[in-house]
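Thanks for coming. I have one structure to show today, and I will keep to a handful of local features.

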Amino acid sequence: MSTQSLTAAPPAPLSSRRRWTVLAVCALSMFLVGVDATIVNVGLPEIGRGLDAGTRGLEWVVDAYTVVMASLLIVSGALADRFGRRRVFRVGLLVFGLASLVCALAPSLGVLVAARAVQGIGASMLSPVALAIVVSAMPDPRERARAIGVWASVFGLSMAAGPVTGGALIAAFGWRAVFWFNVPVVVLALVLVALFVPESRGERARRLDLPGQLLLTVVLCLTVGLLIEGPRIGWTSPAALTGYALTAATTAGFVRVELRREEPLMDLGLFRRPPFVTAVLGATAVFVALNMTLLLSTLYLQQARGWTPLATGAATLPMALGATLCAPWSGVLVGRVGPRRPLLLAGGFTTAGGLFLVGLGGDTSVARILLAFLLIGIGFGFANAPLTNTAVGGLPPSRAGVAGAITSTSRQVGVAVGIAVAGGLVAGAAPAALPAATRPGWLVVSACGLFLLVVARAARPKA
């Protein structure tokens, strides 16, 4: 099939086996991205000891990855629509794999943070492009809903299973193993993409919006930087006030630039669709809740309770189990009854899980902690499929890449904000004071669950 035919007309339908093979390959790559967003969490205390870094420096190990990825997701989706989704996907895998090697060999915190930022560049070429490839390969709405359920299941599993995998790798080989883990997975993914994933493009190539890209990157970096450094510099200090002013001015500049461009980086017209807006905000809330849970529980269990990284990772197994079992069920529910019911379940379980941990103390029973993790995992599993389906549903395939990229951006913003806020709550707290320091964080997790109930009310029931 020629490039001209790909850009001028929809690609020829794939066989059922080929479509689901494409989904499996994309899911493997998304598993890698999701694992890498959370696998580091359980190893942060070990990384801190190995590289002599404090809590705020360790926050940047996580957020350098997520901020860079979030800021580049939209332009990566546009590049994929323009130059070919498989091509951009393969470049992303290569960049991600090479950056993982540098992370594994990093001699200092600065090198590790820089390499994590480069990892974020590679990851930005995987997340929205994987979704666009799946949507392009699945033209039937019902089959697409099931496929998105599977995709969300794998992504949910990866996010929740990251700490388990990280704990096992650290126990056996040390913290650098969490980055060596990526290399064989990247090699396998590159081979499978070359063999099974067809090339596809958007129906119309979009111009790159470099001013918009620069402004978006500055907005995200300023926002997350203020959240991380605010407790240290003081929320009302001259430096913080300057940061607020710069963030507001840059945000206003971004909106102005986007409204004036014929082909903006971020299609602000999508935000006139209430289902899309609620899906974006809901995705942010879900990932704030998940990542606050992972970071707060990691620090609490290892520093306040004296658990090993392996035991800490194993404690998150109920979370991984809940996400894995409920994500495909959620996809089925979306296909049958629409997004409202699974979103109600997601909100209810997430709220309950956060409330279970509000009274966390130094001697809280393990059963209570594990039950709370299970509830949060169930909520996370139910949330992703309806949010993703709501975001891209009703859009033509040519806009799926950009819509998926905006939704993925909101997820990574949620990751960065969750890590920054959680780190700010516990930075400098002595081990004995950690349980009390985490309590506002669990209230935030519950609030995120309550917000999903609002999103559910705004979601349209299935016709």
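I will go through some helices, one salt bridge, a surface patch and a few single residues. Keep in mind that this is a predicted model.

Let me start with helix H4, residues 55–83. How far apart are its end C-alpha atoms, and does that agree or disagree with the expected span? The helix has 29 residues, and at 1.5 Å a residue they should span 42 Å. The end C-alpha atoms are 41 Å apart, so the two values agree. H4 does have a kink, though, of about 45 degrees, and the kink is centred on Leu 73. As for its surroundings, 23 of the 29 residues are buried, so H4 is largely enclosed by the rest of the structure. Just after the helix comes Gly 84, with a positive phi of about 120 degrees.

Now go back along the chain to the loop between H3 and H4. Asp 52 sits in that loop. Its phi is positive too, about 55 degrees, and Asp 52 is not a glycine. For context, most residues other than glycine have a negative phi. Is Asp 52 buried or exposed? Its relative accessibility is 74%, and the cut-off for exposed is over 50%, so Asp 52 counts as exposed.

Next, helix H3, residues 44–51. How many salt bridges does a search of the whole structure find? The count is 1. Glu 46 pairs with Arg 49 in a salt bridge, and the closest N and O atoms are 2.8 Å apart. Both residues belong to H3 and are 3 residues apart, which is about one turn of the helix. The two partners fall into separate accessibility classes: Glu 46, at a relative accessible area of 27%, is partly exposed, whereas Arg 49, at 58%, counts as exposed.

On to the surface patch. Which residues form the nonpolar patch? They are Val 187, Val 191, Leu 195 and Phe 196, and together they have about 350 Å² of accessible area. Val 187 lies in helix H10, residues 182–196. With a relative accessible area of 48%, Val 187 is classed as partly exposed; the exposed class begins over 50%.

Two buried residues next. The first one I picked is Leu 294, in helix H13, residues 274–304. Its relative accessible area is 1%, so Leu 294 is buried. Leu 294 and Val 42 are 252 residues apart along the chain, yet their C-alpha atoms are separated by 7.9 Å.

The other is Ser 410, which is in helix H18, residues 400–426. Ser 410 is buried as well, with a relative accessible area of 5%. What does the side chain of Ser 410 reach? It reaches the backbone oxygen of Val 280, at 3.4 Å.

Last, the N-terminal part of the numbering. Ser 15 is in the loop between helix H1, residues 3–8, and helix H2, residues 16–38. Its relative accessibility is 45%, so Ser 15 counts as partly exposed. Between the C-alpha atoms of Ser 15 and Ala 37 the separation is 33 Å, with their positions 22 residues apart along the chain.

To recap two points: H4 is kinked at about 45 degrees around Leu 73, and the salt bridge found is the one between Glu 46 and Arg 49. That is what I have.

Notes: Residues are numbered from 1 along each chain as its sequence is written. This is a predicted model: local features need pLDDT of at least 70, side-chain atom pairs count only at pLDDT 80 or more; totals for chains, interfaces and linings use all residues. Side-chain values use heavy atoms; hydrogens and water are left out. Helices (H or I, at least four residues) and strands (E, at least two) are DSSP runs, numbered from the N terminus. The expected span of a helix is 1.5 Å times one less than its number of residues. The bend at a residue is the angle between axes fitted to the seven residues ending there and the seven starting there. Buried means under 20% relative accessible area, exposed over 50%, partly exposed in between (1.4 Å probe, protein chains only). Patches are made of residues with over 30% relative accessible area and no salt bridge: like charges are joined within 9 Å, nonpolar side chains (Val, Leu, Ile, Met, Phe, Trp, Tyr) within 5 Å. Accessible areas come from the Shrake-Rupley method with a 1.4 Å probe; for residues, only the protein chains shown count as cover. A salt bridge is a side-chain nitrogen of Lys or Arg within 4 Å of a carboxyl oxygen of Asp or Glu. A polar contact is a pair of N or O atoms within 3.5 Å; within protein, one must be able to donate a hydrogen and the other to accept it, and residues adjacent in sequence count only if both atoms are side-chain atoms.
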